[in-house]
Structure formats: structure tokens, C-alpha cells
2 protein chains.
Amino acid sequence: MSGELTVVGLGPGPAEWITPAAADAVAAADVVLGYAPYLARLSPKPGQIFEASDNREELDRAARALVLAGEGKRVAVVSGGDPGVFAMAAAVFEAVEKKPALENGVDIHVEPGVTAMLAAAARIGAPLGHDFCAISLSDNLKPWSLIEKRLRLAAEADFVIALYNPASKARPDQIGEAFRVLSAVRSPQTIVAFARAVGRADESIEVTTLAEAPNALCDMRTLVLIGSSATRAIHGNNERAWVYTPRSARGG
Amino acid sequence: MSGELTVVGLGPGPAEWITPAAADAVAAADVVLGYAPYLARLSPKPGQIFEASDNREELDRAARALVLAGEGKRVAVVSGGDPGVFAMAAAVFEAVEKKPALENGVDIHVEPGVTAMLAAAARIGAPLGHDFCAISLSDNLKPWSLIEKRLRLAAEADFVIALYNPASKARPDQIGEAFRVLSAVRSPQTIVAFARAVGRADESIEVTTLAEAPNALCDMRTLVLIGSSATRAIHGNNERAWVYTPRSARGG
């Protein structure tokens, strides 16, 4: 009896940003596993089982999902955003690598989703219109020295930089550290945008500069975008300011 | 009379990867503008006008869309993937910056979508599970020296690297140049994956190494993913190989 495990990206929040393929994968599942706030976005269908777990239990959740699928069940593991970006898909393959037998009779799929930086960028304008990088500031699973090195090289490369997990209660000061690293390379006038809770009722967008960035509100629900040297804030004839990075670039 | 311009991401190809918000924006439009192959994915509704244009005419298309919206129409400009990633959203804001009056009475929105690297990554496993960057290899709008610099610094930062627009008829050799730049920094055993026409009938995935990468098929419809030093190809108990980048990292 062959089971199925689909790692599903639910997008940044609202149902209108969940792809039909992702919605179908959830609807078809016998069991849906995930971090509780992601499950809370969904309604179990009759006969469907929801298993919530904590944010720090990704590898256990992945192994549990593989076990259930190995029993012949159709299983969905849900992530916010895209499951491949700082999320559950890597945990599932880590579990398979640690214990290959977990994949016995299990058909694994990954369903992509709209990752947070794309939704944040859409609200702000087109800041990711040119070469960019994405860095998680969480040092739960990597040394801070590596994060610093990547920030410095990304600044030297003049990438637009998207920072995931910029702050948490346990590490409120790292985002300030990150701005210091970036400020050693980039102009204080570099555009920085804070996109908080994009797609939710309490969504807020703040556009500022690298010099002023340390004063902005930044928490677990914030995505931070740091512009390249070409990124600019413009005002058309409306009140709204837009941030975008032109498609063309000089230098090198 | 106030018009509306929505820049819409159609995802990598199949309808099941178009978000409901993107589908609604297209359905609600009086006029839909885009590069012909993207329009070909959609069916005009009665009374709806489709205006196709060529790939190189992004700025003209953006200006035309703003003019139509300024006349009070509801206008959608469609891109493949996400409109903010090497696509139409930046062109629209460039047009607004060049001629702010174009925004008069126009309400601009950007609707995010699943960008190519997320769909490619999902097919391959979870290669973007850790810090990554996205670089367009097209030198239509930027000097090759800048592309080289970014490739070198991205390799030094040990990012996973997604290459958009890796080759075209006009520049078949640049991807080989890119592999040479990366090979100066990265191990020849670095995982490289070629994801071609993801989501289409002729989809193909090839996983190889940096040493062997120059021999792989690579064209305009290919997304190339270069692993970090931690990216690995694994075999579970099934035949299928998976490529993933662990959530944890050492070094720095």
C-alpha cells in the first residue's frame, strides 16, 4: 500500500494567495501536519485529521509525516509561504537522508507557494526587480559569523537583500547587528523597507533608509528588504510612494 | 474616472499554479497586455481585449498600460512567474518615474506569483532550503562585468544560486562563462541542477555537478540552480534522487 506525502506552501496568509494545486493537496490529504498557526488558516474536512506541532519540531514533524505516509495515508505537511524557502521541505529530505527507510512506499511531492519576500515586494512596488538574495537571520541552525559574512558579501555584490526571520524575542538585537554590517559597505541613503504581516488585517509597510532603519519596528512577522545602490523610492502623481529596482544596472 | 493597473504574475505555466488573486485580476480586466506566449495561456472573456507585444518592449508595454488605465479602464499586465522578479513590475515603475503624469488617476497594484526558481526547486527537492540568491545572466540591461562580480561574491558567500535567463540564441556561451567563474571558487563536486520547462508537458530535470555542468542542455526555458557547499543529492529507498540544502550550516 503506497502513501503520499506532499509538502505544501500556503503562501503568506490570505486564501487568495494559495495556489489551486496547494489547496487541492490539502483537500486530498487524510492527515495534515503543521505548525499550529498554519493549520489555523485551514478548516479540516469531515474525516480529515489535523496534527499541530510547535515551530521548533520540524524534523520530528517531517519524520512523523513520513511514517504516516508509509502506512498508506495521504499526508500533507503545510508551511507558510513556499515550503522550500526556510521551511518544511528541507526538513522532510533531512529526515529521509537520516533514515532512508522512511521513504519506503512513500511518494513525495513539493507544492510551491508565494514566498514572503514576493508578497512583501508586491506591496512595496518592485524592489526585487534586479539580482537579489534571501538570508535568514535566525542563528538557531547556523553560526552568526556565517550570517555576517553573507551580509557583507551580499552588500559588496550590491544585491537587493531580503531578510527572513529578522528578529524574535530571543534575539531582538541581531537585526541591529545586521544593519551595522551592511552600513560598513552600503550608503546610509540605501532604501530599507519593512513589510509586516503582509496580507493580514494588521499589515504595515514602512519605507526608510539604512541610516534610519534601526528605529523601525521589526519582529517575527516582518520581512526586511534592503535595496541595492540602484533601488529608489519614487512618487508618481499620486500620494503613494513606490520602491523599485530598475531592470538595468551599471557598474561591475 | 479612475482606472486600475494590476501587474499580475501567472506563475511558471500551469493554471494550477496561478493564485486565485491573480486569476481574479485577469478576469476583471477590460484590457490584458503581455508578451504573446503569456497571453496565449489565457482565454479572453467576451468584451475583453488582449494586446500582445514582444519580449523586448517592456517599457513601451508598461507606458501603454498606464495610458489605458488613465483613460479609466481596468488593465492587467501579465508576466510569467512573479511580476516583481526580472519582469514587468519594475518596467511599470520605470515608466511612472520617467513620466509621473502617467499615474494620474491610476490605481496601481502588483499581484505576486510563484517565481520560476520556487517551482524548479520544488521539482528537485529543497535546494533553496538555506540562504540563496537569484541572478539574471542576461546582459541586455547590465554589463557582463557586474554579472561576473556577483557570481564570484555569491560563490564566496556560499549561497545557493538560481540563474534566470541562463542562455539565449544571442548569447549561448555566457552560461559556460558563468560556470568558469563559479568553478574558480566552488568545488567541482558542487551540485548543479537544470530545470527546464517546469510545469509543461516537456518538463525535464537534470542533476549534475559543476564539473559536468557545461555539458548539460541549457536554453531560455531553463532555470539553473547551483548548490551551496552543503547542498546534497540523496537517494531514499525509492529510485528518485532528491537535491536539498540542509536548514543548518557551519562555517563563516
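**Notebook: chains A and B**

I began with B:Leu225 and looked up its partners beyond the neighbours within four places in sequence. B:Leu225 is in contact with B:Ala120, B:Ala121, B:Ile124, B:Pro127, B:Val160, B:Ala162, B:Ala193 and B:Ala195. I note here that the model is a predicted one.

I then looked up the nonpolar core. The largest one has 178 residues. B:Leu225 is listed among the residues with the most contacts inside this core, together with A:Leu225, A:Val77, B:Val77, A:Val92 and B:Val92.

**Between the chains**

I next asked how many residues of each chain are in contact with the other chain. I found 66 residues of chain B in contact with 66 residues of chain A. On chain B, the elements that each supply at least two residues of this side are helices H1 (20-27), H4 (88-98), H5 (116-124) and H6 (144-156), and strands E5 (106-111), E6 (125-126), E7 (132-136) and E13 (241-244). H6(B) gives the largest share, 8 residues. I also recorded the classes on the side of chain B that touches chain A: 36 residues are nonpolar, 16 are polar and 14 are charged.

I followed strand E7 across the interface. E7 of chain A (residues 132-136) and E7(B) pair in the antiparallel sense, over 3 bridges. Within this pairing I noted one partner: A:Ala134 is bridged to B:Phe132 in E7(B).

**Symmetry**

I asked what turn lays chain B on chain A. The turn is 180 degrees, with a shift of 0.0 Å along the axis and an RMSD of 0.0 Å. I therefore entered the relation as that of a two-fold axis. I then looked up which residue of chain B comes closest to the rotation axis. B:Cys133 does, with its C-alpha at 1.9 Å.

I also compared the two sides of the interface. Because 100% of the interface residues of chain B are also interface residues in chain A, the copies meet through the same surface.

**Domains of chain A**

I turned last to the domain assignment of chain A, which gives domain 1 as residues 3-114 and domain 2 as residues 117-244. The C-alpha centres of these two domains of chain A lie 29 Å apart. Their contact takes 7 residues from domain 1 and 9 residues from domain 2. I recorded the classes for the side of domain 1 that touches domain 2 in chain A: 6 residues are nonpolar, 1 is polar and none is charged.

Definitions and conventions
Residues are numbered from 1 along each chain as its sequence is written. Chains are lettered from A and ligands numbered from 1 in the order in which they are written. This is a predicted model: local features need pLDDT of at least 70, side-chain atom pairs count only at pLDDT 80 or more; totals for chains, interfaces and linings use all residues. Two residues are in contact if their C-beta atoms, placed from the backbone, lie within 7 Å. Helices (H or I, at least four residues) and strands (E, at least two) are DSSP runs, numbered from the N terminus. Ala, Val, Leu, Ile, Met, Phe, Trp, Tyr, Cys and Pro count as nonpolar, Asp, Glu, Lys and Arg as charged, and the others, Gly among them, as polar. Two strands pair if DSSP finds at least two bridges between them. Copies are superposed by least squares on the C-alpha atoms of residues with pLDDT of at least 70 in both. Domain bounds come from an automatic or database domain assignment. A nonpolar core is a set of buried Ala, Val, Leu, Ile, Met, Phe, Trp, Tyr and Cys residues joined through C-beta atoms within 7 Å. A residue is buried if 20 or more other C-beta atoms lie within 10 Å of its own, exposed if 12 or fewer, and partly exposed in between; C-beta atoms are placed from the backbone.
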